[in-house]
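Q: I am new to this and would like to learn how to read a structure. Could we go through it together, one feature at a time?

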Amino acid sequence: MEKPFTLFGAVGSGSVPVEAAMTLIGLPYQIVEAPTWEGAAQQAKVAGVNPLRQIPALVTPDGETITESAAILIWLADRYPQAGLAPAPDSPLRAQYLRWMVFVPAAIYALFWVRDDPSRLAGPDPETQARIKAATADRIADCWGMMESQLTPGRYLLGDDLTVLDLYVAVVSRWGPRRRRFYEVAPRMSQIVRRVDADPRLAAFWAERFPFFEGWESQGAAG
């Protein structure tokens, strides 16, 4: 039996696009559930593979550790090209693929370190924390809008083939300020993420790892 990958992650977290990619590729993997935002005990689960105590962290069957969601997704898509989850290195789409795969974590995902706990920068003052939450929500919306203005999607963000970029955006766009605002600032990209949401190959996966429920598109939209 093929030795499985081990992925440190959590429901609804940045490990979800990685899990989705591995599901589509058909790789055997096991999850170490580690919602690190819940405190030191959960962070300790990850400390041995990622000194930052953050998820996701992937341990390959050979024992190599890969951290950072974008890096893991790019590596998986390149390591298993038969799945067709990324433009080939010589594809004319490759440059834009890499551009946006780096843009999402650099411009958007990184802000959740602040949003998840504004006291990290604001201290205990609730008014300052609220301003930071509002400002980061606006910044995320602005970044999605800029990305929208620079893309010419087909069925998916880079054309007619689903890539790990589509999985990445479909998950990250569900975090604050939530999908309703994403739909407003990125209407063409919104069609794509809805298509990913509805992909029958991922129906059981979404139900387990990032369930859809009544009101999910706008719940907590102000936060």
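Q: Does Y109 count as buried or exposed?

A: Let's start with a reminder that this is a predicted model. Buried means under 20% relative accessible area. Y109 has 18% relative accessibility, so it counts as buried. W175 also counts as buried, because its relative accessibility is 12%.

Q: How are the rings of Y109 and W175 arranged?

A: For a ring pair, look at the distance between centres and the angle between planes; planes over 60 degrees apart count as edge-to-face. Here the centres are 5.1 Å apart and the planes stand at 75 degrees, so Y109 and W175 make an edge-to-face pair. The two partners come from distant parts of the chain: Y109 sits in the loop between α4 and α5, W175 in the loop between α8 and α9, and 66 residues separate them. Together with F112 and Y168, they form one aromatic cluster.

Q: How many aromatic pairs does a search of the whole structure find?

A: The search finds nine. One of them joins F5 and W75, whose ring centres are 6.3 Å apart with planes at 65 degrees, so this pair is edge-to-face. F5 belongs to strand β1 and W75 to helix α3, 70 residues apart. With 1% relative accessibility, F5 counts as buried, while W75, at 28%, counts as partly exposed.

Q: Which charged residue sits over the ring of Y183?

A: That is R194, with its charged end 3.9 Å from the ring centre. In another case, R174 lies over the face of F210, 3.7 Å from the ring centre.

Q: Which residues touch the most other members of the largest nonpolar core?

A: A nonpolar core is made of buried residues joined through their side chains. This one has 60 residues, and L76, W144, M147 and V169 touch the most other members. Helix α8, residues 164–172, gives the most to the core, with eight residues. Leaving aside residues up to four places away in sequence, M147 touches W100, F103, V104, L165, V169 and M189.

Q: How should I read a long run of helix, such as the 25 residues of α7?

A: An α-helix has 3.6 residues a turn, so residues three or four places apart point the same way. Helix α7 covers residues 126–150 and reaches 36 Å from its first C-alpha to its last, close to the 36 Å expected. Its buried residues include I132, T136, I140, W144 and M147. The buried residues of α7 pack against α4, α5, α6, α8, α9 and α10.

Notes. Residues numbered from 1 in each chain as written. Predicted model: local features only at pLDDT ≥ 70, side-chain atom pairs only at ≥ 80, totals over all residues. Heavy atoms only, no water. Core = buried A, V, L, I, M, F, W, Y, C linked by side-chain atoms within 4.5 Å. Buried < 20%, exposed > 50% of the residue type's maximum accessible area, 1.4 Å probe, protein only. Helix = DSSP H or I, 4+ residues; strand = E, 2+ residues; numbered from the N terminus. Contact = heavy atoms within 4.5 Å. Expected span 1.5 Å × (residues − 1). Phe/Tyr/Trp six-rings, centres within 6.5 Å; stacked < 30°, edge-to-face > 60°. Lys NZ or Arg CZ within 6 Å of the ring centre and 35° of its normal.
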